[in-house]
Number of protein chains: 2
Amino acid sequence: MGPLISVKTIGRLSLYRRLLNRLSTSGTQNVYSHQLAALAGGTAAQVRRDMMAIGYMGSPKRGYDVRELIESIGNFLDSAQDQGVALVGIGNLGRAIMAYFTGRRPKLHIVAAFDSDPYKANRVILGCRCYPIAQLAEIVRELNITVGIVCVPANEAQAVADSLVRAGVTGILNFAPVPLRVGPGVYVEDIDMTMSLEKVAYFARTGSEREVLT
Amino acid sequence: MGPLISVKTIGRLSLYRRLLNRLSTSGTQNVYSHQLAALAGGTAAQVRRDMMAIGYMGSPKRGYDVRELIESIGNFLDSAQDQGVALVGIGNLGRAIMAYFTGRRPKLHIVAAFDSDPYKANRVILGCRCYPIAQLAEIVRELNITVGIVCVPANEAQAVADSLVRAGVTGILNFAPVPLRVGPGVYVEDIDMTMSLEKVAYFARTGSEREVLT
(Lines give C-alpha, C1' and ligand atoms only; values in the text may rest on other atoms or scores of the structure.)
Protein backbone atom coordinates (compact mmCIF):
# COMPACT_ATOMS: atom_id res chain seq x y z
CA MET A 1 0.00 0.00 0.00
CA GLY A 2 1.46 3.37 -1.04
CA PRO A 3 0.40 6.76 0.24
CA LEU A 4 -3.18 7.94 -0.27
CA ILE A 5 -3.58 9.11 -3.83
CA SER A 6 -6.51 10.25 -5.92
CA VAL A 7 -8.09 8.77 -9.04
CA LYS A 8 -7.16 11.93 -10.96
CA THR A 9 -3.51 11.69 -9.93
CA ILE A 10 -3.36 8.05 -11.09
CA GLY A 11 -4.88 9.09 -14.42
CA ARG A 12 -2.30 11.85 -14.87
CA LEU A 13 0.60 9.52 -13.98
CA SER A 14 -0.60 7.12 -16.67
CA LEU A 15 -0.69 10.01 -19.15
CA TYR A 16 2.75 11.35 -18.13
CA ARG A 17 4.25 7.92 -18.64
CA ARG A 18 2.91 7.70 -22.17
CA LEU A 19 4.13 11.19 -23.01
CA LEU A 20 7.54 10.39 -21.48
CA ASN A 21 7.76 7.18 -23.49
CA ARG A 22 7.22 9.21 -26.65
CA LEU A 23 9.88 11.72 -25.59
CA SER A 24 12.30 8.89 -24.81
CA THR A 25 11.68 7.27 -28.20
CA SER A 26 12.45 10.56 -29.92
CA GLY A 27 15.75 10.83 -28.00
CA THR A 28 14.85 13.38 -25.31
CA GLN A 29 16.76 12.75 -22.08
CA ASN A 30 15.52 15.52 -19.79
CA VAL A 31 12.25 17.36 -19.43
CA TYR A 32 11.17 20.29 -17.27
CA SER A 33 7.93 20.21 -15.31
CA HIS A 34 6.55 23.05 -17.45
CA GLN A 35 7.31 21.11 -20.65
CA LEU A 36 5.61 17.96 -19.39
CA ALA A 37 2.70 20.09 -18.18
CA ALA A 38 2.29 21.65 -21.63
CA LEU A 39 2.19 18.21 -23.26
CA ALA A 40 -0.29 16.90 -20.68
CA GLY A 41 -2.51 19.98 -20.78
CA GLY A 42 -1.91 20.90 -17.13
CA THR A 43 0.23 23.21 -15.00
CA ALA A 44 3.87 22.85 -13.92
CA ALA A 45 2.81 23.09 -10.27
CA GLN A 46 0.45 20.15 -10.81
CA VAL A 47 3.21 18.08 -12.41
CA ARG A 48 5.53 18.81 -9.48
CA ARG A 49 2.85 17.88 -6.94
CA ASP A 50 2.19 14.61 -8.78
CA MET A 51 5.91 13.78 -8.83
CA MET A 52 6.18 14.51 -5.11
CA ALA A 53 3.23 12.18 -4.51
CA ILE A 54 5.27 9.30 -5.97
CA GLY A 55 8.46 10.47 -4.27
CA TYR A 56 10.33 11.57 -7.39
CA MET A 57 12.37 14.79 -7.31
CA GLY A 58 13.87 16.38 -10.43
CA SER A 59 17.10 18.30 -10.55
CA PRO A 60 16.20 22.03 -10.63
CA LYS A 61 18.81 22.69 -13.31
CA ARG A 62 18.12 19.96 -15.84
CA GLY A 63 14.54 19.03 -15.02
CA TYR A 64 13.49 15.38 -14.77
CA ASP A 65 15.52 12.53 -16.21
CA VAL A 66 13.06 11.00 -18.68
CA ARG A 67 14.10 7.36 -18.25
CA GLU A 68 14.30 7.55 -14.47
CA LEU A 69 10.89 9.16 -14.32
CA ILE A 70 9.35 6.47 -16.55
CA GLU A 71 10.77 3.89 -14.17
CA SER A 72 9.55 5.70 -11.05
CA ILE A 73 6.03 6.01 -12.43
CA GLY A 74 6.12 2.33 -13.39
CA ASN A 75 7.21 1.31 -9.90
CA PHE A 76 4.29 3.24 -8.53
CA LEU A 77 1.55 2.38 -11.05
CA ASP A 78 2.38 -1.17 -12.00
CA SER A 79 1.94 -4.31 -10.02
CA ALA A 80 5.13 -6.12 -8.98
CA GLN A 81 3.48 -9.37 -10.08
CA ASP A 82 1.55 -9.97 -13.28
CA GLN A 83 -2.00 -8.68 -13.01
CA GLY A 84 -4.44 -10.69 -15.10
CA VAL A 85 -7.46 -9.15 -16.79
CA ALA A 86 -10.70 -10.91 -17.81
CA LEU A 87 -12.74 -9.51 -20.70
CA VAL A 88 -16.45 -10.37 -20.94
CA GLY A 89 -18.31 -9.94 -24.23
CA ILE A 90 -16.41 -10.91 -27.39
CA GLY A 91 -18.37 -8.76 -29.87
CA ASN A 92 -16.95 -6.13 -32.25
CA LEU A 93 -16.04 -3.85 -29.39
CA GLY A 94 -14.64 -6.62 -27.20
CA ARG A 95 -12.40 -7.88 -29.97
CA ALA A 96 -11.19 -4.35 -30.76
CA ILE A 97 -10.36 -3.85 -27.09
CA MET A 98 -8.45 -7.15 -27.00
CA ALA A 99 -6.46 -6.04 -30.04
CA TYR A 100 -5.90 -2.60 -28.55
CA PHE A 101 -4.50 -3.82 -25.22
CA THR A 102 -2.46 -6.75 -26.53
CA GLY A 103 1.21 -6.20 -25.73
CA ARG A 104 0.77 -2.67 -24.32
CA ARG A 105 1.78 -3.44 -20.72
CA PRO A 106 4.09 -6.29 -19.75
CA LYS A 107 2.46 -6.87 -16.35
CA LEU A 108 -1.16 -6.16 -17.28
CA HIS A 109 -2.82 -8.24 -19.94
CA ILE A 110 -6.05 -9.92 -20.87
CA VAL A 111 -5.56 -13.57 -19.93
CA ALA A 112 -9.13 -14.81 -20.44
CA ALA A 113 -12.19 -13.74 -22.42
CA PHE A 114 -15.76 -14.92 -21.97
CA ASP A 115 -18.92 -14.92 -24.03
CA SER A 116 -22.38 -16.42 -23.67
CA ASP A 117 -22.30 -17.41 -27.34
CA PRO A 118 -20.58 -20.83 -27.55
CA TYR A 119 -19.37 -20.06 -31.11
CA LYS A 120 -17.32 -17.17 -29.74
CA ALA A 121 -15.95 -19.18 -26.83
CA ASN A 122 -13.65 -22.23 -26.97
CA ARG A 123 -11.07 -20.61 -29.19
CA VAL A 124 -7.99 -18.42 -29.00
CA ILE A 125 -8.05 -14.76 -30.12
CA LEU A 126 -4.76 -12.86 -30.27
CA GLY A 127 -3.20 -15.36 -27.91
CA CYS A 128 -6.02 -15.08 -25.38
CA ARG A 129 -8.17 -18.10 -24.52
CA CYS A 130 -11.93 -17.63 -24.80
CA TYR A 131 -14.34 -19.52 -22.57
CA PRO A 132 -18.10 -19.94 -22.25
CA ILE A 133 -19.44 -17.56 -19.64
CA ALA A 134 -20.53 -20.47 -17.44
CA GLN A 135 -16.84 -21.01 -16.63
CA LEU A 136 -16.26 -17.40 -15.54
CA ALA A 137 -16.15 -17.96 -11.77
CA GLU A 138 -13.92 -21.02 -12.08
CA ILE A 139 -11.37 -19.43 -14.46
CA VAL A 140 -11.26 -16.04 -12.72
CA ARG A 141 -10.49 -17.77 -9.40
CA GLU A 142 -8.02 -20.21 -10.95
CA LEU A 143 -6.04 -17.46 -12.71
CA ASN A 144 -6.33 -15.11 -9.71
CA ILE A 145 -7.81 -12.37 -11.92
CA THR A 146 -8.56 -9.07 -10.18
CA VAL A 147 -9.47 -6.83 -13.13
CA GLY A 148 -12.51 -7.22 -15.41
CA ILE A 149 -13.49 -5.48 -18.65
CA VAL A 150 -17.24 -5.52 -19.33
CA CYS A 151 -18.21 -5.24 -23.03
CA VAL A 152 -21.63 -6.91 -22.95
CA PRO A 153 -24.95 -5.19 -23.82
CA ALA A 154 -26.56 -2.98 -21.17
CA ASN A 155 -29.12 -5.55 -20.05
CA GLU A 156 -26.43 -8.16 -19.24
CA ALA A 157 -23.88 -5.86 -17.63
CA GLN A 158 -25.02 -5.94 -14.00
CA ALA A 159 -25.19 -9.74 -13.88
CA VAL A 160 -21.71 -9.97 -15.40
CA ALA A 161 -20.35 -7.46 -12.89
CA ASP A 162 -21.93 -9.41 -10.03
CA SER A 163 -20.31 -12.64 -11.25
CA LEU A 164 -16.91 -10.99 -11.64
CA VAL A 165 -17.05 -9.49 -8.12
CA ARG A 166 -18.20 -12.76 -6.56
CA ALA A 167 -15.22 -14.48 -8.21
CA GLY A 168 -12.75 -11.99 -6.69
CA VAL A 169 -12.51 -9.09 -9.16
CA THR A 170 -11.94 -5.74 -7.42
CA GLY A 171 -11.66 -3.42 -10.43
CA ILE A 172 -13.95 -3.14 -13.47
CA LEU A 173 -13.58 -1.19 -16.69
CA ASN A 174 -17.17 -0.88 -17.90
CA PHE A 175 -18.00 -0.26 -21.55
CA ALA A 176 -21.69 -1.16 -21.16
CA PRO A 177 -23.81 2.00 -21.36
CA VAL A 178 -25.35 1.56 -17.92
CA PRO A 179 -24.12 2.34 -14.40
CA LEU A 180 -23.03 -0.72 -12.40
CA ARG A 181 -23.87 -1.21 -8.73
CA VAL A 182 -20.96 -2.75 -6.84
CA GLY A 183 -20.11 -2.97 -3.18
CA PRO A 184 -17.39 -1.02 -1.36
CA GLY A 185 -13.88 -2.24 -2.15
CA VAL A 186 -14.62 -2.53 -5.87
CA TYR A 187 -13.52 0.25 -8.20
CA VAL A 188 -15.47 0.88 -11.42
CA GLU A 189 -14.39 3.12 -14.27
CA ASP A 190 -17.01 3.73 -16.97
CA ILE A 191 -16.27 4.36 -20.63
CA ASP A 192 -19.58 5.44 -22.09
CA MET A 193 -18.97 6.05 -25.78
CA THR A 194 -22.57 7.00 -26.58
CA MET A 195 -22.64 9.62 -23.84
CA SER A 196 -19.29 10.99 -25.00
CA LEU A 197 -20.40 11.26 -28.62
CA GLU A 198 -23.68 12.95 -27.63
CA LYS A 199 -21.76 15.47 -25.53
CA VAL A 200 -19.40 16.22 -28.41
CA ALA A 201 -22.33 16.60 -30.83
CA TYR A 202 -24.15 18.95 -28.45
CA PHE A 203 -21.19 21.24 -27.85
CA ALA A 204 -20.14 21.11 -31.51
CA ARG A 205 -23.53 22.68 -32.23
CA THR A 206 -23.93 25.10 -29.37
CA GLY A 207 -20.38 26.28 -28.68
CA SER A 208 -17.70 24.94 -26.42
CA GLU A 209 -17.49 27.91 -24.07
CA ARG A 210 -20.05 26.10 -21.95
CA GLU A 211 -17.58 23.43 -20.98
CA VAL A 212 -16.23 25.70 -18.23
CA LEU A 213 -19.55 25.58 -16.35
CA THR A 214 -20.36 22.79 -13.93
CA MET B 1 -28.94 28.26 -28.48
CA GLY B 2 -30.54 26.94 -25.29
CA PRO B 3 -29.80 28.09 -21.76
CA LEU B 4 -26.27 27.73 -20.40
CA ILE B 5 -25.71 24.14 -19.43
CA SER B 6 -22.73 22.16 -18.20
CA VAL B 7 -20.83 19.26 -19.74
CA LYS B 8 -21.82 17.09 -16.80
CA THR B 9 -25.52 17.88 -17.22
CA ILE B 10 -25.35 16.94 -20.91
CA GLY B 11 -23.68 13.67 -19.97
CA ARG B 12 -26.39 12.88 -17.41
CA LEU B 13 -29.18 13.72 -19.88
CA SER B 14 -27.66 11.27 -22.35
CA LEU B 15 -27.59 8.63 -19.61
CA TYR B 16 -31.16 9.34 -18.45
CA ARG B 17 -32.40 8.95 -22.00
CA ARG B 18 -30.83 5.52 -22.34
CA LEU B 19 -32.20 4.41 -18.99
CA LEU B 20 -35.64 5.75 -19.93
CA ASN B 21 -35.53 3.93 -23.25
CA ARG B 22 -34.90 0.70 -21.38
CA LEU B 23 -37.79 1.44 -18.99
CA SER B 24 -40.06 2.23 -21.93
CA THR B 25 -39.12 -1.01 -23.70
CA SER B 26 -39.99 -2.97 -20.57
CA GLY B 27 -43.40 -1.28 -20.42
CA THR B 28 -42.84 1.30 -17.66
CA GLN B 29 -44.92 4.44 -18.22
CA ASN B 30 -44.04 6.62 -15.25
CA VAL B 31 -40.92 7.08 -13.20
CA TYR B 32 -40.19 9.11 -10.08
CA SER B 33 -37.08 11.25 -9.83
CA HIS B 34 -35.73 9.04 -7.02
CA GLN B 35 -36.15 5.93 -9.18
CA LEU B 36 -34.36 7.48 -12.14
CA ALA B 37 -31.67 8.75 -9.74
CA ALA B 38 -31.13 5.24 -8.36
CA LEU B 39 -30.69 3.83 -11.88
CA ALA B 40 -28.32 6.64 -12.87
CA GLY B 41 -26.30 6.49 -9.67
CA GLY B 42 -27.21 10.05 -8.58
CA THR B 43 -29.64 11.87 -6.30
CA ALA B 44 -33.31 12.74 -6.84
CA ALA B 45 -32.51 16.43 -6.31
CA GLN B 46 -29.93 16.23 -9.11
CA VAL B 47 -32.44 14.58 -11.46
CA ARG B 48 -35.00 17.30 -10.71
CA ARG B 49 -32.44 20.07 -11.31
CA ASP B 50 -31.47 18.49 -14.63
CA MET B 51 -35.11 18.25 -15.70
CA MET B 52 -35.68 21.88 -14.78
CA ALA B 53 -32.63 22.81 -16.87
CA ILE B 54 -34.38 21.42 -19.97
CA GLY B 55 -37.76 22.83 -18.93
CA TYR B 56 -39.47 19.54 -18.11
CA MET B 57 -41.69 19.28 -15.04
CA GLY B 58 -43.08 15.98 -13.76
CA SER B 59 -46.41 15.53 -12.05
CA PRO B 60 -45.72 15.28 -8.30
CA LYS B 61 -48.19 12.42 -7.97
CA ARG B 62 -47.17 10.11 -10.80
CA GLY B 63 -43.62 11.21 -11.44
CA TYR B 64 -42.37 11.76 -14.96
CA ASP B 65 -44.09 10.37 -18.03
CA VAL B 66 -41.38 8.15 -19.53
CA ARG B 67 -42.20 8.73 -23.20
CA GLU B 68 -42.68 12.49 -22.81
CA LEU B 69 -39.39 12.73 -20.97
CA ILE B 70 -37.53 10.78 -23.67
CA GLU B 71 -38.95 13.24 -26.21
CA SER B 72 -38.06 16.30 -24.14
CA ILE B 73 -34.49 15.13 -23.67
CA GLY B 74 -34.26 14.39 -27.39
CA ASN B 75 -35.53 17.86 -28.28
CA PHE B 76 -32.83 19.29 -26.09
CA LEU B 77 -29.89 17.02 -26.90
CA ASP B 78 -30.41 16.25 -30.55
CA SER B 79 -29.90 18.45 -33.52
CA ALA B 80 -33.02 19.39 -35.49
CA GLN B 81 -31.09 18.62 -38.65
CA ASP B 82 -28.93 15.59 -39.32
CA GLN B 83 -25.50 16.01 -37.78
CA GLY B 84 -22.78 14.22 -39.72
CA VAL B 85 -19.76 12.62 -38.09
CA ALA B 86 -16.36 11.91 -39.67
CA LEU B 87 -14.22 9.09 -38.31
CA VAL B 88 -10.47 9.14 -38.93
CA GLY B 89 -8.41 5.96 -38.57
CA ILE B 90 -10.02 2.74 -39.84
CA GLY B 91 -8.05 0.27 -37.72
CA ASN B 92 -9.46 -2.34 -35.34
CA LEU B 93 -10.72 0.29 -32.95
CA GLY B 94 -12.07 2.57 -35.69
CA ARG B 95 -14.03 -0.28 -37.26
CA ALA B 96 -15.42 -1.36 -33.87
CA ILE B 97 -16.53 2.22 -33.21
CA MET B 98 -18.21 2.39 -36.62
CA ALA B 99 -20.07 -0.83 -35.84
CA TYR B 100 -20.95 0.41 -32.36
CA PHE B 101 -22.49 3.71 -33.49
CA THR B 102 -24.24 2.45 -36.62
CA GLY B 103 -27.98 2.99 -36.27
CA ARG B 104 -27.89 4.21 -32.65
CA ARG B 105 -29.07 7.75 -33.28
CA PRO B 106 -31.26 8.73 -36.22
CA LYS B 107 -29.81 12.27 -36.47
CA LEU B 108 -26.20 11.54 -35.56
CA HIS B 109 -24.24 9.13 -37.69
CA ILE B 110 -20.84 8.51 -39.19
CA VAL B 111 -21.15 9.65 -42.80
CA ALA B 112 -17.49 9.45 -43.84
CA ALA B 113 -14.38 7.61 -42.68
CA PHE B 114 -10.77 8.35 -43.55
CA ASP B 115 -7.49 6.49 -43.46
CA SER B 116 -3.97 7.17 -44.68
CA ASP B 117 -3.74 3.55 -45.91
CA PRO B 118 -5.21 3.47 -49.44
CA TYR B 119 -6.22 -0.18 -48.97
CA LYS B 120 -8.55 0.86 -46.16
CA ALA B 121 -9.99 3.79 -48.10
CA ASN B 122 -12.07 3.71 -51.29
CA ARG B 123 -14.60 1.23 -49.99
CA VAL B 124 -17.82 1.06 -47.99
CA ILE B 125 -17.91 -0.28 -44.42
CA LEU B 126 -21.30 -0.73 -42.75
CA GLY B 127 -22.85 1.67 -45.21
CA CYS B 128 -20.23 4.35 -44.60
CA ARG B 129 -17.94 5.53 -47.43
CA CYS B 130 -14.23 5.45 -46.70
CA TYR B 131 -11.84 7.95 -48.28
CA PRO B 132 -8.09 8.53 -48.43
CA ILE B 133 -7.08 11.07 -45.81
CA ALA B 134 -5.96 13.51 -48.52
CA GLN B 135 -9.65 14.11 -49.25
CA LEU B 136 -10.54 14.93 -45.64
CA ALA B 137 -10.88 18.71 -45.98
CA GLU B 138 -12.88 18.46 -49.20
CA ILE B 139 -15.35 15.83 -47.93
CA VAL B 140 -15.81 17.35 -44.46
CA ARG B 141 -16.69 20.71 -46.04
CA GLU B 142 -18.89 19.16 -48.74
CA LEU B 143 -20.92 17.12 -46.23
CA ASN B 144 -20.99 19.97 -43.70
CA ILE B 145 -19.55 17.70 -40.99
CA THR B 146 -19.12 19.28 -37.54
CA VAL B 147 -18.16 16.25 -35.43
CA GLY B 148 -14.96 14.20 -35.73
CA ILE B 149 -13.88 10.93 -34.13
CA VAL B 150 -10.09 10.49 -33.94
CA CYS B 151 -8.89 6.85 -33.82
CA VAL B 152 -5.39 7.25 -35.24
CA PRO B 153 -2.14 6.49 -33.36
CA ALA B 154 -0.86 9.09 -30.88
CA ASN B 155 1.78 10.54 -33.21
CA GLU B 156 -0.78 11.33 -35.95
CA ALA B 157 -3.58 12.63 -33.73
CA GLN B 158 -2.69 16.32 -33.51
CA ALA B 159 -2.27 16.68 -37.29
CA VAL B 160 -5.62 14.96 -37.85
CA ALA B 161 -7.32 17.21 -35.29
CA ASP B 162 -5.81 20.29 -36.96
CA SER B 163 -7.12 19.16 -40.37
CA LEU B 164 -10.59 18.48 -38.97
CA VAL B 165 -10.80 21.87 -37.26
CA ARG B 166 -9.54 23.71 -40.36
CA ALA B 167 -12.29 22.00 -42.37
CA GLY B 168 -15.00 23.18 -39.96
CA VAL B 169 -15.27 20.53 -37.24
CA THR B 170 -16.16 22.02 -33.83
CA GLY B 171 -16.39 18.88 -31.71
CA ILE B 172 -13.93 15.98 -31.46
CA LEU B 173 -14.19 12.63 -29.73
CA ASN B 174 -10.55 11.63 -29.25
CA PHE B 175 -9.52 7.99 -28.78
CA ALA B 176 -5.83 8.68 -29.40
CA PRO B 177 -3.91 8.43 -26.12
CA VAL B 178 -2.58 11.98 -26.24
CA PRO B 179 -4.10 15.37 -25.36
CA LEU B 180 -5.12 17.47 -28.37
CA ARG B 181 -4.49 21.20 -28.61
CA VAL B 182 -7.43 23.00 -30.22
CA GLY B 183 -8.51 26.62 -30.26
CA PRO B 184 -11.48 28.12 -28.41
CA GLY B 185 -14.83 27.18 -29.92
CA VAL B 186 -13.81 23.54 -30.38
CA TYR B 187 -14.94 20.98 -27.81
CA VAL B 188 -12.81 17.86 -27.23
CA GLU B 189 -13.84 14.81 -25.24
CA ASP B 190 -11.08 12.25 -24.60
CA ILE B 191 -11.61 8.53 -24.25
CA ASP B 192 -8.29 7.22 -23.02
CA MET B 193 -8.69 3.47 -22.66
CA THR B 194 -5.11 2.84 -21.53
CA MET B 195 -5.40 5.42 -18.76
CA SER B 196 -8.73 3.97 -17.68
CA LEU B 197 -7.40 0.41 -17.55
CA GLU B 198 -4.31 1.51 -15.60
CA LYS B 199 -6.53 3.31 -13.08
CA VAL B 200 -8.73 0.25 -12.66
CA ALA B 201 -5.67 -2.00 -12.23
CA TYR B 202 -4.16 0.34 -9.63
CA PHE B 203 -7.31 0.61 -7.53
CA ALA B 204 -8.10 -3.10 -7.93
CA ARG B 205 -4.76 -3.71 -6.19
CA THR B 206 -4.72 -0.98 -3.58
CA GLY B 207 -8.36 -0.59 -2.62
CA SER B 208 -11.10 1.58 -4.01
CA GLU B 209 -11.67 3.71 -0.91
CA ARG B 210 -9.14 6.09 -2.41
CA GLU B 211 -11.50 7.09 -5.17
CA VAL B 212 -13.18 9.59 -2.84
CA LEU B 213 -10.00 11.66 -2.62
CA THR B 214 -9.17 14.30 -5.22
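Of the 131 residues in the largest nonpolar core, which touch the most other members? The legends below answer this question and then turn to other parts of this predicted model.

**Figure 1. The largest nonpolar core and the residue V150(A).** The largest nonpolar core has 131 residues, and V150(A) and V150(B) touch the most other members. In soluble globular proteins, nonpolar side chains tend to be buried together. The close-up is centred on V150(A) and its contacts, leaving aside residues up to four places away in sequence. On this count V150(A) touches V88(A), G89(A), A157(A), V160(A) and A161(A). V150(A) also touches I172(A), N174(A), F175(A) and A176(A).

**Figure 2. Chain A and its two domains.** Domain 1 of chain A covers residues 7-77, and domain 2 covers residues 83-195. Taken over C-alpha atoms, the centres of these two domains are separated by 31 Å. The C-alpha trace of chain A spans about 60 × 45 × 35 Å along its principal axes. Chain A contains 8 helices and 9 strands. Of its 214 residues, 42% count as buried. Among contacts in chain A between residues at least 6 apart in sequence, 54% join residues at least 24 apart.

**Figure 3. The open sheet of chain A.** Seen strand by strand, the order of this sheet of 7 strands is β5-β6-β4-β3-β7-β8-β9, and the pairing is mixed. At the edges stand β5 (123-125) and β9 (187-190) of chain A, each of which pairs on one side only. From one strand to the next, the twist averages 25°. Strands of a sheet pair through backbone hydrogen bonds, either parallel or antiparallel. One pair shown here is β8 (residues 171-174) of chain A with β9(A), which run in the parallel sense over 4 bridges. Within this pair, L173(A) stands opposite E189(A) in β9(A). Helix α7 (residues 154-166) of chain A packs on the sheet, where it touches β3, β7 (147-150) and β8 of chain A. The direction of α7 makes about 170° with that of β7(A). A helix of the other chain, α8(B), also packs on this sheet, touching β3, β4, β7, β8 and β9 of chain A. The direction of α8(B) makes about 160° with that of β8(A).

**Figure 4. Strands β3 and β4 of chain A.** Strand β3 (residues 83-88) of chain A pairs with β4(A) in the parallel sense, over 6 bridges. In this pair Q83(A) stands opposite L108(A) in β4(A). Is strand β4 (residues 108-115) of chain A largely enclosed by the rest of the structure, or is it exposed? Because 7 of its 8 residues are buried, strand β4 of chain A is largely enclosed by the rest of the structure.

**Figure 5. The open sheet of chain B and the helices packed on it.** In chain B, 7 strands form an open sheet with mixed pairing, in the order β5-β6-β4-β3-β7-β8-β9. The edge strands of chain B are β5 (123-125) and β9 (187-190), and each pairs on one side only. Here the twist averages 25° from one strand to the next. β5(B) pairs with strand β6 (residues 128-132) of chain B in the antiparallel sense over 3 bridges. In the close-up, I125(B) stands opposite C128(B) in β6(B). Helix α8 (residues 193-206) of chain A packs on this sheet and touches β3 (83-88), β4 (108-115), β7 (147-150), β8 (171-174) and β9 of chain B. The direction of this helix makes about 160° with that of β8(B). Helix α5 (residues 92-101) of chain B packs on the sheet as well, touching β3, β4, β5, β6 and β7 of chain B. The direction of α5 makes about 160° with that of β4(B).

**Figure 6. The interface between chain A and chain B.** In this view, 60 residues of chain B are in contact with 60 residues of chain A. On the side of chain B that touches chain A, the elements giving two or more residues are α1 (7-25), α5, β8, β9 and α8 (193-206) of chain B. The largest share of that side, 14 residues, comes from α8(B). Since 100% of the interface residues of chain B are also interface residues in chain A, the copies meet through the same surface.

**Figure 7. The rotation axis relating the two chains.** Two copies of a chain are related by a rotation about an axis and a shift along it. A turn of 180° and a shift of 0.0 Å along the axis lay chain B on chain A with an RMSD of 0.0 Å. The two copies are therefore related as by a two-fold rotation axis. Among the residues of chain B, A96(B) comes closest to the rotation axis, with its C-alpha at 3.0 Å.

Terms used:
Residues are numbered from 1 along each chain as its sequence is written. Chains are lettered from A and ligands numbered from 1 in the order in which they are written. This is a predicted model: local features need pLDDT of at least 70, side-chain atom pairs count only at pLDDT 80 or more; totals for chains, interfaces and linings use all residues. Domain bounds come from an automatic or database domain assignment. A nonpolar core is a set of buried Ala, Val, Leu, Ile, Met, Phe, Trp, Tyr and Cys residues joined through C-beta atoms within 7 Å. A residue is buried if 20 or more other C-beta atoms lie within 10 Å of its own, exposed if 12 or fewer, and partly exposed in between; C-beta atoms are placed from the backbone. Two residues are in contact if their C-beta atoms, placed from the backbone, lie within 7 Å. Two strands pair if DSSP finds at least two bridges between them. Axes are lines fitted to C-alpha atoms, for helices over the stretch in contact, and angles run from 0 to 180 degrees between N-to-C directions. Copies are superposed by least squares on the C-alpha atoms of residues with pLDDT of at least 70 in both.
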